[in-house]
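Here's a quick tour of a protein fold, meant to be read with the picture open beside you. Take a look around first, then come back for the details.

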Amino acid sequence: MTNEKFSPAALELLKLRGLGALAEKMGIQLVELSAERAVATMPVDGNTQPLGVLHGGAHVVIGESLGSFAANVWAYPDKVAVGIEVNASHSRSVTSGIVTAVCTAVNLGRTLTTHEIVVSDDQGRRLSTVRITNFLRDKSA
């Protein structure tokens, strides 16, 4: 994790909150984080379903994690982002290697954010597309 790929708010939030237990258990590694763009990797090994392919829920976990991280960077320091909708379309499977998720802001508003996350394999082929909408609420609420 190099500081130039993380916005100041992102660095502060990571110090305060970390990635979260689920992201850590799944081996998610942040590469870049800002409100506008976030990148992370995750191993396929250990995150598969019984047929040996990356579990569809794992796609959603990395996507929702990235979108939520980015939304919270946008909300910081006065608000927090809470997910209100997430969906995923899976287009290809993978059985080994590392997947990379790239999160891009679609909308950064006063009360809502929307991010699109593309999960790709080692060859850059799209595996899934995840979209998350977060509600920005006051910290005291």
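**A quick briefing**

Let's start with one residue: Leu112 is partly exposed, because its relative accessible area is 34%, and buried would mean under 20% while exposed would mean over 50%. Keep in mind that this is a predicted model. Leu112 sits in strand E5, which covers residues 112-120. Leu112 also teams up with Ile84 and Phe135 to make a nonpolar surface patch of about 260 Å².

**The sheet**

- Six strands make an open sheet, and if you walk across it you meet them in the order E1-E2-E4-E5-E6-E3, with antiparallel pairing.
- Strand E1 (29-33) and E3 are the edge strands: each has a single partner strand, so one side of each has no neighbour in the sheet.
- From one strand to the next, the twist averages 20 degrees.
- What holds neighbours together in general? Strands of a sheet pair through backbone hydrogen bonds, either parallel or antiparallel.

**Who pairs with whom**

- At one edge, E1 and strand E2 (residues 37-43) run antiparallel and are joined by four bridges. Here Leu30 stands opposite Ala40 in E2.
- Helix H3 packs on this sheet and touches E1, E2, E3, strand E4 (98-108), E5 and E6. The direction of H3 makes about 40 degrees with that of E6.
- Strand E3 (residues 79-90) and strand E6 (residues 126-138) are antiparallel too, with 11 bridges between them. To find a matched pair there, look for Ser89, whose bridge partner in E6 is Thr129.
- E5 and E6 pair in the antiparallel sense over nine bridges. Ser120 stands opposite Arg126 in E6.

**Turn and loop spots**

- E5 and E6 form a hairpin, with five residues between the two strands. Gly124 is in that turn and has a positive phi of about 80 degrees.
- Which kind of peptide bond joins Tyr76 and Pro77? It's a cis one, with omega at about 10 degrees.
- Pro77 belongs to the loop between helix H3 (56-75) and E3.

**Salt bridges**

- How many salt bridges are there? The count comes to three, going by the rule that a side-chain nitrogen of Lys or Arg lies within 4 Å of a carboxyl oxygen of Asp or Glu.
- One of them joins the side chains of Glu32 and Arg37, at 3.0 Å from N to O. Glu32 counts as buried because its relative accessible area is 17%, whereas Arg37 is partly exposed at 36%.
- Another brings together the side chains of Arg131 and Glu85, at 3.1 Å from N to O. This pair links distant parts of the chain, since Arg131 is in strand E6 and Glu85 is in strand E3, 46 residues apart. Arg131 is partly exposed at 37% relative accessibility, and Glu85 is partly exposed at 27%.
- Arg125 forms a salt bridge with Asp121, and their closest N and O atoms are 2.7 Å apart. Is Asp121 buried or partly exposed? Asp121 counts as buried, because its relative accessibility is 5%. Its partner Arg125 is partly exposed, with a relative accessible area of 38%.

Note on methods. Residues are numbered from 1 along each chain as its sequence is written. This is a predicted model: local features need pLDDT of at least 70, side-chain atom pairs count only at pLDDT 80 or more; totals for chains, interfaces and linings use all residues. Side-chain values use heavy atoms; hydrogens and water are left out. Patches are made of residues with over 30% relative accessible area and no salt bridge: like charges are joined within 9 Å, nonpolar side chains (Val, Leu, Ile, Met, Phe, Trp, Tyr) within 5 Å. Accessible areas come from the Shrake-Rupley method with a 1.4 Å probe; for residues, only the protein chains shown count as cover. Buried means under 20% relative accessible area, exposed over 50%, partly exposed in between (1.4 Å probe, protein chains only). Two strands pair if DSSP finds at least two bridges between them. Axes are lines fitted to C-alpha atoms, for helices over the stretch in contact, and angles run from 0 to 180 degrees between N-to-C directions. Contact means heavy atoms within 4.5 Å.
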